[in-house]
Each structure stands twice: as C-alpha cells, then as structure tokens.
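Ready for some practice in reading a protein model? Take a pencil, work through each task yourself, and then compare your steps with the solution.

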Amino acid sequence: MAWNMNMIDRRRFLRGSGWALALPMFGSVWGPMARGAETRENPKRLGCFYFPDGVPMPLPEDPAYKDWSWFPHGGGNEFTFSKCMEPFESLKDDLTVLSGFSHPKSRNVHGHNNADQFLTAAATGGGDKEYENTISLDQEYAKYVGDQTRFASLVMSTDGGTGTARGTHTISFDRNGRPIPAEHRPKQIFDRLFVKNDADSARRLLLSRSALDEMLEDARRLRQSLSTNDRRSLDEYLDSVRQAEVKVEKAKRWLGAPLPSVDGDQLNLELTTEEPREYLQTMFDLIFLAFKTDSTRVATYQIGRENGVGRSDHLARAVGFNLAHQLSHETKNPDGWKNFGTYCRFLNEEYGRFIGKLKATPEPAGSGSMLDNTLLLLGSASSAFHLSRNYPLILAGGKQMGFKHGQYFNHAGENFQGGPWLGEREPWQDEAKGEDLPLSNLYVTMLQRLGVQTDSFADSTGVVESI
C-alpha cells in the first residue's frame, strides 16, 4: 500500500496505549535538509560527554602525584599534563582544562548520583524532596538549531535507555525534565542515521498521527472531571504529546529526502562492551559521521553509569581491569592511583582520537576544520572519591566561535588537589573549604558562542570571560 503523506493532517496521535509517545526517530524521516532547502555554512555543533566516578587526585606529596593526577600541573598557559592526560598533548592548543566548577544545588549529593544533573544543574539530590529535573544544555541548544537537521539531537550512552532517577543512563532531559532514552547499540544507531525505509516510516507516521487525534479528544473530555492537581499533571502529559506532534510534522517534511551516503564497511556494528576499546571507538565514530553528514548538530554520550552498575563498568577490561568503578575505591592500595589513572588515560586516548578526527576534517565550506566549528565538553560531576565539587572538565573546539584554548583554567588552585578535601572520613561529608564557580556560567558562555541569545541558564550568575 502506498502511504499518502497528505493524509497525515496536523493533529493525530495516541488512543489508550501510550506507545506513540516514544515515537522512534526513523532513519528515513530525519536527515540532511529537505530537498531544495539551503544548509547553513559551517554549522555550529555541540557534543557533550560524561564519564562517572571522578578522577585520580593524589596528594602533592604522594609519589603518584606527578604521573597520575588527572588535573594538570600549573595554570594558565603554563601547565603540563600527567601520564593520565598525555593523550591530549598534541591537542593542547585546541582545548581548555577547567577546575573549580560545580553545580551549587548538587554539592551535597554523593557522586554516585550525579549524572542526571550534569547538564541541567537541577537539584536532583536525595532527602524527602520529590525527584524532578529540568532541561539539559544539549536540549536547550537543540531548541535553537534542531529544526535545521533531520535529527534534533543524538542521545547515546553505553548502557542505553533512561536508567532510574539518580541512576540515569542518559544525560539528556527535555524541557519538562524528563529523561530522553539513550541509544547504545551501534547497529541501531547507524541504521537510524543512514538506512532508509520510506514505506514503513510513512505507515508509522500515519498511525501515530491518527492515534494522537483520538487521544487529544479523549483528554479534552477527561480534563473536565479532574481536580486542579490532576489537570496540571494532564497538562504536562499533553505538553509531551505536543512535542511529539512537532516531531511528526518534521518527519513528514523529511520523508523522501535522500539520506547521506556513508561507508559503514569500516565499522563493526555488532560490537558490545565485551570489546570495550573498539566499542568506544565506534560510538565516537558514529557521532563523527552524524556531524559530518549534518544529520544532527547536537549529540550527547554518557560513557558510563555511576556506582558500578551496568555494562559500562566493563570498559575497564580494555586496559586489563575487571570493573571501572572499583578502581576509584582502591586508590590506597599499591599502584591504586596508577591503576585508576591508567583507566582514565584509556578514556582520554579514545576521546582524543575523536577530537583529532574532527580536527583533521576540513569543513566543506572552508573556514577551518570541523573541530573549529564544533564545541565539545567532556566531564564528570564528581572529583576525587566521588566528591560533588571541582568537576573535572575539558572544553575543546569552537575556535571559530571565539574560544581561546591552550590553557588550564585553574580556579581551584593547587590546594584543591589535596588536604582540605581528602581525609579518613568520607570527603563528601566535609564542609566546603573553598567556593566553586557555578558550572552554569560556563554553559551560558557556550550557548552564547553557539549563537543562542540568552543571558542565563539554570542557576548561572554570569559568564566565563577568559576562555
């Protein structure tokens, strides 16, 4: 049966089931700009990457301090990398390492529960407060640029799905603070981006829009009998439906548009975390291809889940260890800092390879490399011993946006490496000895350089001027 897209009118979606709210982003429905439309020259891209469990931070008097401290030694333009960070040496002029940033609302949260607030700055901590979150940085940018590409954003993680509150498998959250499920199977990601099935996509779209109409009519009747609180909950639900409407309308525009042609023969798309290094390389390569083909300009990848749960903990097997999270708790053992640093070096090697690939790829329209027009943030929402302060952060790329790299923005200072934060008691119980800057200030800076007209994000108090 041929599906006539003119049969899909503006308001159709979901009766009684709920499945269509999780409408897949079909590979044939999203893609490069619709036939006949113009693409923006040198598009500005954003990639955000998260790793769990903090980083090695041995005391200055510890023999491991020189070689295995994650944070560089020195500050400003005068700094040196340890062995842990050596993979970035050739990229030094293309990145900035930052210390002394964190989210004020999360500084009392244990580092096992931090990934969900890394890009949102929301107060997602424990206690009696009902869990809630807010929009993430990537989705804030996707609101601005997402209608220009087939995919508004690409959301990935090693563990896939959403996980649980405070045990998330995704770092992306929509405008209502709902987690956006992450993709984790390389073949499914590749197929979604580059494999086309117009007939199936059209059929799914038609069914989805039909169900939406019926559900909205049911909701209008139901709303009349609800309490004020229940109406508020229903309105939030309907807002999700309206977001899905936008996706379906966009899908209609992209149906029939040609997909980019890419050579996937070099990718092993059947990988799992049992082949950790190749798996990580492939996930980064998929983001590279998505950016290169302008299939999306926004991507997130949560490399691991916190607290040692999930398949992502197996990534440590790439460097001869069994579980990644365990390494962060064995730093008092002989070679403990070295072992933890060796794992972090492995992550840095693969992330550095990804950055280098962007740097080596010129923009089709000229004006520098893909890296010059792509802003990349790598970080964790905890530092030593899962302390929710002094987040380890690396900002790379974006030179065409005015970023000045080749520096270590060392707000924390050398003293943060040791004594005040490390002791016999659990360090997250210690009171602050110094004041971090709000990480949201960096996020405002990033959004502004990406072209978003905004003066604030979450709990920001300003911008970061010197990067």
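Below are four exercises, each with a worked solution.

This is a predicted model, in which local features need pLDDT of at least 70 and side-chain atom pairs count only at pLDDT 80 or more, while totals for chains, interfaces and linings use all residues. Residues are numbered from 1 along each chain as its sequence is written, and side-chain values use heavy atoms, with hydrogens and water left out.

**Exercise 1. Place Leu 137 in the structure and decide whether it is buried or exposed.**

Step 1: Find the element. Leu 137 is found in helix H2, residues 137-145. Helices (H or I, at least four residues) and strands (E, at least two) are DSSP runs, numbered from the N terminus.

Step 2: Check the accessibility. Buried means under 20% relative accessible area, exposed over 50%, and partly exposed in between (1.4 Å probe, protein chains only). Leu 137 has 1% relative accessibility, so it counts as buried.

Step 3: List the neighbours. A contact means heavy atoms within 4.5 Å. Leaving out residues up to four places away in sequence, Leu 137 touches Leu 46, Cys 48, Leu 119, Tyr 443, Met 446, Leu 447 and Phe 457. For one of these, Cys 48, the C-alpha atom is 8.7 Å from that of Leu 137, although their positions lie 89 residues apart along the chain.

**Exercise 2. Work out how helices H3 and H6 are arranged and which residues meet.**

Step 1: Look at the axes, which are lines fitted to C-alpha atoms, for helices over the stretch in contact; angles run from 0 to 180 degrees between N-to-C directions. The axes of H3 (residues 186-194) and H6 come within 10 Å and cross at roughly 10°.

Step 2: Name the arrangement. Angles under 35 degrees count as roughly parallel, over 145 as roughly antiparallel, 65 to 115 as roughly perpendicular and the rest as oblique. H3 is therefore roughly parallel to H6.

Step 3: Read off the partners. From H3 come Pro 186, Ile 189, Phe 190, Leu 193 and Phe 194, and they meet Tyr 279, Thr 282, Met 283, Leu 286, Leu 289 and Ala 290 in H6.

Step 4: Sort them by class. Ala, Val, Leu, Ile, Met, Phe, Trp, Tyr, Cys and Pro count as nonpolar, Asp, Glu, Lys and Arg as charged, and the others, Gly among them, as polar. The contact of H3 with H6 has 10 nonpolar, one polar and no charged residues.

**Exercise 3. Describe the salt bridge between Glu 363 and Arg 45.**

Step 1: Recall the rule: a side-chain nitrogen of Lys or Arg lies within 4 Å of a carboxyl oxygen of Asp or Glu. The structure holds 17 salt bridges.

Step 2: Check the distance. The closest N and O atoms of Glu 363 and Arg 45 are 3.0 Å apart.

Step 3: Locate the ends. Glu 363 sits in the loop between helix H8 (336-359) and strand E10 (374-379), Arg 45 in strand E1 (residues 45-50), and the two are 318 residues apart.

Step 4: Check accessibility. Glu 363 counts as buried because its relative accessibility is 6%, and Arg 45 counts as buried at 3%.

**Exercise 4. Follow Asp 285 to its salt-bridge partner and the wider network.**

Step 1: Asp 285 lies in helix H6, residues 276-292, and counts as buried at 12% relative accessibility.

Step 2: The side chain of Asp 285 meets that of Lys 357 in a salt bridge (3.2 Å, N to O). Lys 357 belongs to helix H8, and the pair is 72 residues apart.

Step 3: Lys 357 is partly exposed, with a relative accessible area of 30%.

Step 4: Salt bridges that share partners join Glu 86, Arg 277, Asp 285, Arg 345, Glu 349, Glu 350, Arg 353 and Lys 357 into one network.
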